[in-house]
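User: I would like to go through a few structural labels and ask how each one is justified.

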Amino acid sequence: MQVKETLNEGLKRKLAVVIPATDLATRLDAKIEDLQGKAVIKGFRPGKVPASHIKKVYGRSAMSEVLEEAINSGVSQTLEERSERAAAQPKVDLPEDQAELNRVLDGAADLAFDVSYEVLPAVKLMDFKGIKVDKPVVEIADAEVDKELNRFFTQNKGYEDKGDEGVVEQGDHLGLSFVGTIDGKPFDGGTSDHAHLTVGSGEFIPGFEEQLVGMKKGETKDVKVTFPADYGQKSLAGKDAVFATTILHVDGPRQGELDDEFAKKLGLENVDGLREAIKSQMDAANASMARQHVKRQILDALDEGHKFDVPEQLVEAEFNTIWQRVVHEVEHHGRSFEDEGTTEEAAKEQYRKIAERRVRLGLVVAEIGNENKVEVTDDEHQQALIAEVRRFPGQEQQVYDYYRKNPAALASLRAPIFENKVVDFIAEQAKQTDKKMSGEELGKLIQADDEYDVPEEHHH
């Protein structure tokens, strides 16, 4: 086999490969011999068919198989000899001239073809001890726990219909319909036939809920509000809007006390037990967010500390996956990129950068894991599968079967565990500084961190 390099540019390689006809003939003879032992042809006893007859019957198709095997083994052998790892499946270009190919198939000519591929770059790892990380530490004030306890109590003691004469008060649970307009024109997402709202929860735009207080069931009112300047949907940010709002029903919180009886209904001993359980939940949520923020800082540091070209093929594949999801989300919500305060071109550019960052970080994380023997145990893999199955109540069996029948999907569950273990490995070596903050401040940090995350759903 002769190999000549015809392109070596950055990570791109192109090789001209020639496999001699004599080599192909040897391979074909071995294939014919193998067929001789298996072929069942009328008029011949099993295993006694002459090689010449086998060649006559199976020659062309056997030679096609020989070519495929010769190309595959030739490519992998060549890469091995060159100590290169292809980023994706190498592209093989066979001669376009059919007459030339026919001569190869007839065993009368050498097989010449081109192989194009991108190599995985060599990753020189940074010194992790130089990474500095702020570790959020949230001490929850008693007042915050009390507030959450009261919210939980209100939510769980339930509501009862206040009747036709019921007047809307703070803390009531409402059913309402509304049509929102800006400059007299309805806007996307501003209409609902039956929305639910707890007055005072802050779920709606600032100023909306307060204007409902004092209204009665069946009453309609124009609620005038201004969208906040930093509203997520940029096309609405800072605009004045009018919502023609009708109260459909008014439910007031059921009477009852936040006492030990209430706690016992939830399977806890007393109010103190309930308070502790709520504080533990709040602590766990903050700890999870703190871990997330530490991970983001570590990934940012790895991105900053490793600058190398990444294979275009991998970036393109990653970008296409992200972009399909983004387009699906935009179309699913009947929106446009302009509604998001951007253009399709600008969005593509942003997501291409994210794709490139993801590919680079993927290569860095893999290298760190390989060098430091980070492994995902079968038990951890199994736990991830169980957690995934539990995400689909009522469909557990179908989800489990899907993963069992799709090795690639099952293998993909390892990736996030592997990444987290690598991040933990680096966190142990990085310089971590405790940074005290409130839960609200931590929440804002997490929101800011989402810049490079492309969730399963593209948020609007």
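Analyst: The exchange below takes some labels in this predicted model and sets each against its cut-off.

User: Why is Asp172 called buried or exposed?

Analyst: Asp172 has a relative accessibility of 2%, and because buried means under 20% relative accessible area, Asp172 counts as buried. The residue lies in the loop between β6 (159-161) and β7 (173-182), and, not counting residues up to four places away in sequence, Asp172 touches residues including Tyr159, Val167, Leu197, Val250 and Pro253.

User: What makes the pairing of the side chains of Asp172 and Lys162 a polar contact?

Analyst: The contact between these two side chains, Asp172 and Lys162, is 2.7 Å, and the cut-off for a pair of N or O atoms is 3.5 Å, so the pair is called a polar contact.

User: How do you know which accessibility class Val242 belongs to?

Analyst: Its relative accessible area is 27%, and since partly exposed covers what is between under 20% and over 50%, Val242 is partly exposed. Val242 is found in strand β10 (residues 240-253), where, leaving aside neighbours within four places in sequence, Val242 is in contact with Val179, Gly180, Thr181, Asp222, Val223 and Lys224.

User: How do you know whether the span of helix α12 agrees or disagrees with what is expected?

Analyst: At 1.5 Å a residue, the 16 residues of α12 (residues 414-429) should span 22 Å, and the end C-alpha atoms are 23 Å apart, which agrees. Among the buried residues of α12 are Ile417, Phe418 and Val422, and what covers the buried residues of this helix includes α6 (271-305) and β11 (431-437).

Terms used
Residues are numbered from 1 along each chain as its sequence is written. This is a predicted model: local features need pLDDT of at least 70, side-chain atom pairs count only at pLDDT 80 or more; totals for chains, interfaces and linings use all residues. Side-chain values use heavy atoms; hydrogens and water are left out. Helices (H or I, at least four residues) and strands (E, at least two) are DSSP runs, numbered from the N terminus. The expected span of a helix is 1.5 Å times one less than its number of residues. Buried means under 20% relative accessible area, exposed over 50%, partly exposed in between (1.4 Å probe, protein chains only). Contact means heavy atoms within 4.5 Å. A polar contact is a pair of N or O atoms within 3.5 Å; within protein, one must be able to donate a hydrogen and the other to accept it, and residues adjacent in sequence count only if both atoms are side-chain atoms.
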